[in-house]
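Subject: The structure you asked about

Hi there,

Here is the structure, handed over for you to open alongside this note. My reading of it follows below.

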Amino acid sequence: MASAVLILGAGQAGFQVAASLREKGFAGTVTLVGDEPHLPYQRPPLSKGYLALSPLPDVLIRHEKFYQDNRIELRTGARATAIDRTRHAVALTTGEMLQYDHLVLATGGRNRQLSLEGTDIDGVLSLRHLDDADRLRQRLQDAGRIVIIGGGYIGLEVGSLALALGLETCIVEAAPRLVARVASTELSEFFHRHYEKAGARILCGTTPARIQGSAGHADSVQLANGEVIPTKLVLICVGILPNVELAEGAGLEVANGIVVDQFLRTSDPSIYAVGDCARYPSRHAGGELVRVESVPNATDQGRAVAEAILGRPKPFESLPWFWSEQGKLRLQIAGLIQGHDRAIVKGDPASGTFSVFCFRGPTLVGVESMNRPVDFVAARRALTEGLPITAEEVANAAFDLKSRVGPLRPAAAA
Ligand SMILES: Cc1cc2nc3c(=O)[nH]c(=O)nc-3n(C[C@H](O)[C@H](O)[C@H](O)COP(=O)(O)OP(=O)(O)OC[C@H]3O[C@@H](n4cnc5c(N)ncnc54)[C@H](O)[C@@H]3O)c2cc1C
């Protein structure tokens, strides 16, 4: 008998589960519930072209007809509030109860809040949703200056655009270096130099004390060291927290994410979790639980769960990868570099074209490629296949990753 799949969260991962189910011939009902008013859309452009391009780029993953043609029942503007695991039903804010045979949690994350005086003043923005990007886009036009609190990838991408639009730009980062959580020191230093050269003020190891305003509008950020930076526009982007409350309320295991097994199943075998909200055991992190915030992770997991629902479960082993675009900088990262203890730089950071090979003990765990897409493609293949590449050979001036991995198949270049 055809079964019912209910997906909570109509973002990148939720969309992919629904689309892959239909693509692979699933005959039952597919319902995709999202609390935003929009059709599922891509978030990456929101900190890139969407803020500056004219006309506005289309960020929808698919148009309405796709959902009709593929019999995906899309419920936008509806929030799931509780899961009744005994009855296999989910309550929505609309008052309905939706039944499921398979439930997929794809609730993503929400922006971490700063406990800081003044975050509620006009002119203080955050960036996660399409509506946030619309607000930021409008404010960037005439702000003249921006203070970005948080020097992670989103902060740097917006900073890059703000500089291109001619804004006086200051990035305030609490950690001792930019993108500290997810990048090597070598890459952080490159970004620091790059943005200072481009005219930004970069303040690492610095925390804001309060945002000050007059007549209800932001007019400055006061730092913990007492300095006051005048600005009408403040963007706070200090990372996300996974949306785990539904899972927690249903008694599922939660620990910095919804904990799933290698098949992306929660502790209830009829409930899966995918994307930014899911914490899974990764072969590429020595079996440790990881939570990966990236589009490739969301789409790969969406496809894997569709297969599992169709009765073809396979351990989820995709190599995590990520990209960021900042002006002329194209960064691609293959693997998980967290916890690495040795980094070897190939190429010349001063030229803006280089790769950082990151090792944990004797093992290559990740490669950060700046404007070196060939290294990225080869690194994905090397890491996926677990090729035994040593630090000694990488350190050799004649080392060439591409020839080391052999001819690249088109699939590896995708
Ligand atoms: C500005 C920005 C730029 C980015 N740039 C890049 C990039 O360059 N490269 C990259 O790889 N990644 C990038 N990312 C990260 C990437 O977009 C995310 O990893 C990806 O969107 C995760 O998909 P998801 O479906 O898990 O979560 P989301 O896309 O966040 O979707 C989750 C959805 O679920 C909804 N929801 C939550 N709770 C409920 C509920 N109870 N009921 C109904 N709906 C609910 C949320 O509102 C949301 O719409 C970026 C993210 C942002 C915000």
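Arg381 and Glu385 sit four residues apart in helix α8 (residues 373-385), so about one helical turn separates them. Their side chains form a salt bridge, with the closest N and O atoms 3.1 Å apart. Please keep in mind that this is a predicted model. The two partners differ in exposure: Arg381 counts as buried at 12% relative accessibility, while Glu385 is partly exposed, with a relative accessible area of 39%. Elsewhere, salt bridges with shared partners link Lys24, Glu307 and Arg312 into one network.

How many salt bridges does a search of the whole structure find? It finds 25. As general background, side chains of opposite charge can pair when their charged atoms come close. Another of these pairs is Arg265 with Asp261, where the closest N and O atoms are 3.0 Å apart. Arg265 is partly exposed, with a relative accessible area of 28%, and Asp261 also counts as partly exposed, at 25% relative accessibility.

One more salt bridge is worth a look, as it leads on to a sheet. The side chains of Asp84 and Arg87 meet at 3.7 Å, N to O. Here Asp84 counts as partly exposed at 22% relative accessibility, whereas Arg87 is exposed, with a relative accessible area of 59%.

Asp84 also has a bridge partner in strand β5, namely Ala89. Strands β4 and β5 (residues 89-92) run antiparallel and are joined by four bridges. They belong to an open sheet of three strands, in the order β4-β5-β6, with antiparallel pairing. Which strands stand at the edges of this sheet? They are β4 (80-84) and β6 (97-99); each has a single partner strand, so one side of each is left without a neighbour in the sheet. On average, and ignoring direction, neighbouring strands here are turned by 25° against each other. In general, strands of a sheet pair through backbone hydrogen bonds, either parallel or antiparallel.

Now for a helix, α3 (residues 130-142). Its buried residues are Leu130, Asp132, Ala133, Leu136, Arg137 and Leu140. Why do these residues line one face of the helix? Seen down the axis of α3, they fall within an arc of 140°, so they line one face. The elements covering the buried residues of α3 include β9 (124-125), β10 (145-149), α4 (153-164) and β16 (234-236). On the other side of α3, Gln138, Gln141 and Asp142 are exposed. Just after this helix, Gly144 takes a positive phi of about 80°.

Last, the cysteines. A disulfide is a covalent bond between the sulfur atoms of two cysteines. How many disulfides does the structure hold? The number is zero. Cys237, for one, is in no disulfide, and the nearest cysteine sulfur, belonging to Cys170, is 12 Å away. Is Cys237 buried or exposed? At 12% relative accessibility, Cys237 counts as buried. Cys277 is buried too, with a relative accessible area of 0%.

If you would like a place to start in the viewer, try the Arg381 and Glu385 pair in helix α8, and then move to α3 with its buried face.

Best wishes

How values were computed. Residues numbered from 1 in each chain as written. Predicted model: local features only at pLDDT ≥ 70, side-chain atom pairs only at ≥ 80, totals over all residues. Heavy atoms only, no water. Buried < 20%, exposed > 50% of the residue type's maximum accessible area, 1.4 Å probe, protein only. Helix = DSSP H or I, 4+ residues; strand = E, 2+ residues; numbered from the N terminus. Arc of directions from axis to C-beta. Contact = heavy atoms within 4.5 Å. Disulfide = S-S within 2.5 Å. Salt bridge = Lys/Arg side-chain N within 4 Å of Asp/Glu carboxyl O. Pairing = 2+ DSSP bridges. Axes fitted to C-alpha atoms, helices over the stretch in contact; angles between N-to-C directions.
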